[in-house]
Amino acid sequence: MKTPRALRGQRSPNNQLSTKQSPHYSDFVDELTEYKTKSVLATPIMNGKDMVAVLMAVNKLEEPCFTAKDEETLNKYLYFANLLLRVYHLSYLHNCETRKGQVLLWSASKVFEELTDIERMFHKALYTVRAFLNCDRYSVGLLDMTKTKEIIFYKLIDYILHGKEDIKVIATPAADHWALVSGLPTYVAETGLICNIMNAGQDDFFKFQNVLSLPIVNKKEEIVGVATFYNRKDGKPFDEHDETLMEFLGWSVLNTDTYDKLNKLENRKDIFQDMVLYHVKCRKDEIQHVLNTRERWAKEPDECQEEELQEILSEVLPDSKKVELFEFHFYDYHHTELELVKCGIKMYYELKVVDKFHIPREALVRFIYSLSKGYRKITYHNWRHGFNVGQTMFTLLMVRQI
């Protein structure tokens, strides 16, 4: 522990200086606050070799200055103050590391949880970790990588986290957009520097007190975007831990390599879906197994009126009581897979949803038939098993109604 450095008020016998006479004292704060500082006793609080705080006693009561005994008393209690600050500092560092870990877990889970849409995935990952960002608002500007000689943001994503939360996506934002008009994102994109502005409110271009802007860089060390964060929630300036956390977030979520991989996965998913749809789609010849409109009316189902299709279904669909469709002991073994398709259609009629929601007869038949084709020809989890589960739920609903 270092010895306190003291500034004492005037005591003539000991030739001690007043605050006005001391070369180390500045009356700047006194002038702003209209407070009169006569004597000061100040000492640093150290954490190893780093000074983390300064403890100050101002204006000794009933005496013009602090004495050597005051220094000795302050020294005795300084150990406890130092210990408390160390505990607080360690707690703060622990919270920072916890936030980093949570961001990693959340962003990783959300990035790879949903591969249906790339832009939606970005929104979901960034929006999910908003609780750890400790700011009111942030914007992400994505750079047009085809433009090598100029900085152009082809898309701007604005996240509002304070009050009524919202996400706005601005395609091809104008240069005078509020997030770009200051020139800060462009400067960060050009230089690759992290800019932490603590008194942004004094600049006419900013409506925020604190602004932190940093580049988003891929593995090739190319700047692919700029993330800008506004107003730390506790009113304090962004610190180095915020910079590290947000830099990490930008790298992990908006990484172009990840983007490319997910794009490929999305393309593969689309191809797979097309293949599945091709195999499970009810073909024109298959629908004739239920709606035999060619034989009956000499035309395709889409050319028939609903009354004509209903007339056929009234004849081909089974009698619910006869096949024991309402019973828990319903046994599928006595029915072919096509007959189970007809039983499935019949359940919709028994639930009285066909007429209530004006369900087209052809669409209903195609849906149930395609559903049966979606099951694989395996021993257990096949169309018969799926129908049995559906029939049990149907019976529960109908028994409850009775």
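Which side chain meets that of Glu286 in a salt bridge? I put this question to the model, which is a predicted one.

**Entry 1: Glu286 and its partner**

I found that the side chain of Lys373 meets that of Glu286, with N to O at 3.0 Å. I then looked up where the two residues lie. Glu286 belongs to helix 7 (residues 284-287) and Lys373 to helix 11, so this salt bridge ties together parts that are 87 residues apart in sequence. I also looked up the accessibility of both partners. Glu286 has a relative accessible area of 9%, which is under 20%, and therefore I recorded Glu286 as buried. Lys373, at 22%, I recorded as partly exposed. The pair does not stand alone, for Arg283, Asp285, Glu286 and Lys373 are linked in a network of salt bridges.

**Entry 2: Further salt bridges**

I noted the general principle that side chains of opposite charge can pair when their charged atoms come close. How many salt bridges does the model hold by the rule applied here? The count comes to 16.

I looked up two of them in detail. The side chain of Glu308 meets that of Lys299, with 3.2 Å from N to O. Glu308 is buried at 18% relative accessible area, and Lys299 is partly exposed at 24%.

In the second, Glu362 forms a salt bridge with Arg366, and their closest N and O atoms are 3.0 Å apart. Both residues sit in helix 11, four residues apart, which is about one turn of the helix. Is Glu362 buried or exposed? I recorded Glu362 as buried, at 18% relative accessible area, whereas Arg366 is partly exposed at 22%.

**Entry 3: Helix 9 against helix 11**

I turned next to how helix 11 meets helix 9. Two packed helices are described by the angle between their axes and the distance between the axes. For helix 9 (residues 306-316) and helix 11 (residues 361-373), the axes come within 9 Å and cross at roughly 45°. An angle of that kind lies neither under 35 degrees nor in the range of 65 to 115, and therefore I described the two helices as oblique to each other.

Which residues make the contact? From helix 9 I listed Glu306, Leu309, Gln310 and Leu313, and from helix 11 I listed Arg361, Glu362 and Val365. I sorted the residues of this contact into three nonpolar, one polar and three charged. Glu362 thus appears in my notes twice, in this contact and in the salt bridge with Arg366.

**Entry 4: The largest nonpolar core**

I then examined the largest nonpolar core, which has 27 residues. Which of its members touch the most other members? They are Leu291, Leu313, Leu325, Ile345, Tyr349, Val365 and Phe387. The elements that give two or more residues to this core are helix 9, helix 10 (337-350), helix 11 and helix 12 (383-401). Helix 10 provides the largest share, six residues.

I followed Phe387 further. Setting aside its neighbours within four places in sequence, I found Phe387 in contact with Leu325, Phe330, Leu340, Cys343, Gly344 and Met347.

**Entry 5: Val169**

Last, I looked up a residue of a strand. Val169 is placed in strand 6 (residues 166-171). At 37% relative accessibility, I recorded Val169 as partly exposed. How far is the C-alpha atom of Val169 from that of Lys155? The separation is 7.2 Å, although the two residues are 14 residues apart along the chain.

Key:
Residues are numbered from 1 along each chain as its sequence is written. This is a predicted model: local features need pLDDT of at least 70, side-chain atom pairs count only at pLDDT 80 or more; totals for chains, interfaces and linings use all residues. Side-chain values use heavy atoms; hydrogens and water are left out. Axes are lines fitted to C-alpha atoms, for helices over the stretch in contact, and angles run from 0 to 180 degrees between N-to-C directions. Angles under 35 degrees count as roughly parallel, over 145 as roughly antiparallel, 65 to 115 as roughly perpendicular and the rest as oblique. Contact means heavy atoms within 4.5 Å. Ala, Val, Leu, Ile, Met, Phe, Trp, Tyr, Cys and Pro count as nonpolar, Asp, Glu, Lys and Arg as charged, and the others, Gly among them, as polar. A salt bridge is a side-chain nitrogen of Lys or Arg within 4 Å of a carboxyl oxygen of Asp or Glu. Buried means under 20% relative accessible area, exposed over 50%, partly exposed in between (1.4 Å probe, protein chains only). A nonpolar core is a set of buried Ala, Val, Leu, Ile, Met, Phe, Trp, Tyr and Cys residues joined through side-chain atoms within 4.5 Å.
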